[in-house]
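Visitor: I am new to this structure. Could you show it to me and take my questions?

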Amino acid sequence: MHSVLRNPMRGIALKVSSVVVFLAMQTFIKLAGSEIPPGQVTFCRSFFALFPIIAYLAYIGQLRAAFYTANPVGHLKRGTIGIMSMAFGFYGLLHLPLPEAIALGYALPLVAVIFAAVFLGETVRIYRWSAVLVGIVGVAIVSWPKLTLFREGGMEAEQAVGALSVLLSAVLGGMAMIQVRRLVEEEKTATIVLYFSLTASVFSLASLPFGWLILPWPSALYLVAAGFCGGVAQILLTESYRHADVSTIAPFEYTSILLGSIVAYFVFGDVPSVTMLIGTLIVISAGIFIIYREHQLGIEQREARKATTPQA
């Protein structure tokens, strides 16, 4: 069994890095076009993610070892849940404006904290609960004016299905996070990432008979780039679980709201509003509070260890 080194600050840094690269992946998928079937998008994201993953593993000399697993059933469960979460999430991403898709996806951190407490028995104190709830309030402030599905006149059926797909993706994503947290107790990061991409590629390939499209070269390049970004981000995300509890790093999913707003403005022409800026400030404040609390707890734990260490 591989030991898990607890380093919350490193876990947080890895999580934020994964958020940045995942946002690049989402942007490429959005640019590819909304007419592409979710199964085709999922396959490209999973298959082309294998290239940076395999290159990285070969570089660090772990490619052969990565194929060995003591828990194939666990990888199958993680792959099954993950591929469903991806498919639903990509459908919503393709059929909703980027800010709305990101905002609705913020159900994931709250779900992750709840699942971590219920299924993993992690201790979630009032500070983390408070940070998550404050973050949710910030997200609500950001997203409420932009949610066309709540505007007067009702919502289009396509957007309604897209919104439900994103929310379902968040629930499945929370389940996948719990499965990954269990896997890192006995499996290498390389093994987890490699088997997920392999499983997702095979599963999503099964959607080929349901009508894939012959894509123009710009859309094809966007999906290839999305896959590469997905592979890099998956490595960062999986490694973050090795260094911190799910409930610690989950709130930092909120950092993508600021970056997502910037991308939406420069790429898709979405101008940020006053409520967007206020909500973003609240979300960032919640994240900074978590960092401060983890730093203080780290100091207290080090002092406690010094106090209990036998003197020579």
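Visitor: What pattern does the protein follow along the sequence?
Guide: This is a predicted model, where local features need pLDDT of at least 70, side-chain atom pairs count only at pLDDT 80 or more, and totals for chains, interfaces and linings use all residues. Residues are numbered from 1 along each chain as its sequence is written, and side-chain values use heavy atoms, with hydrogens and water left out. The protein has 14 helices and zero strands (helices are DSSP runs of H or I, at least four residues; strands are runs of E, at least two; numbering starts at the N terminus). Read along the sequence, the pattern is α-α-α-α-α-α-α-α-α-α-α-α-α-α.

Visitor: Where is confidence highest in the protein?
Guide: The score is pLDDT, the predictor's confidence in each residue, from 0 to 100. The protein averages 81, and 83% of the residues score at least 70. Confidence is lowest in α14, at a mean of 69. It is highest, at 93, in helix α2 (residues 38-47).

Visitor: Is I83 buried or exposed?
Guide: I83 sits in helix α5 (residues 72-95). Buried means under 20% relative accessible area, exposed over 50%, and partly exposed in between (1.4 Å probe, protein chains only). I83 has a relative accessible area of 10%, so I83 is buried.

Visitor: What separates the C-alpha atoms of I83 and A200?
Guide: Along the chain, I83 and A200 are 117 residues apart. In space, their C-alpha atoms are separated by 5.5 Å.

Visitor: Which side chains meet in a salt bridge?
Guide: Side chains of opposite charge can pair when their charged atoms come close. A salt bridge here is a side-chain nitrogen of Lys or Arg within 4 Å of a carboxyl oxygen of Asp or Glu. The structure holds one. At 2.8 Å, N to O, the side chains that meet are R181 and E185.

Visitor: Which partner is buried, R181 or E185?
Guide: E185 has a relative accessible area of 33%, so E185 is partly exposed. At 7% relative accessibility, the buried partner is R181.

Visitor: Why does the pair of F51 and F228 tie together parts apart in sequence?
Guide: Rings of Phe, Tyr and Trp (its six-membered ring) pair if their centres lie within 6.5 Å; planes under 30 degrees apart count as stacked, over 60 as edge-to-face and the rest as tilted. A search of the whole structure finds eight aromatic pairs. F51 and F228 are stacked, 6.1 Å centre to centre, with 10 degrees between the planes. F51 lies in helix α3 (residues 50-59) and F228 in helix α11 (residues 217-243), so the parts tied together are 177 residues apart in sequence.

Visitor: Which residues form one aromatic cluster?
Guide: F51 and F228 both belong. F51 counts as partly exposed at 43% relative accessibility, and F228 does at 37%. The cluster is F43, F47, F48, F51, W212 and F228.

Visitor: Which helix gives the largest share of the nonpolar patch?
Guide: Patches are made of residues with over 30% relative accessible area and no salt bridge: like charges are joined within 9 Å, nonpolar side chains (Val, Leu, Ile, Met, Phe, Trp, Tyr) within 5 Å. This one covers about 890 Å² and includes F266 and I288. α13 (256-268) and α14 (274-308) each supply at least two residues. The largest share, six residues, comes from α13.

Definitions and conventions. Accessible areas come from the Shrake-Rupley method with a 1.4 Å probe; for residues, only the protein chains shown count as cover.
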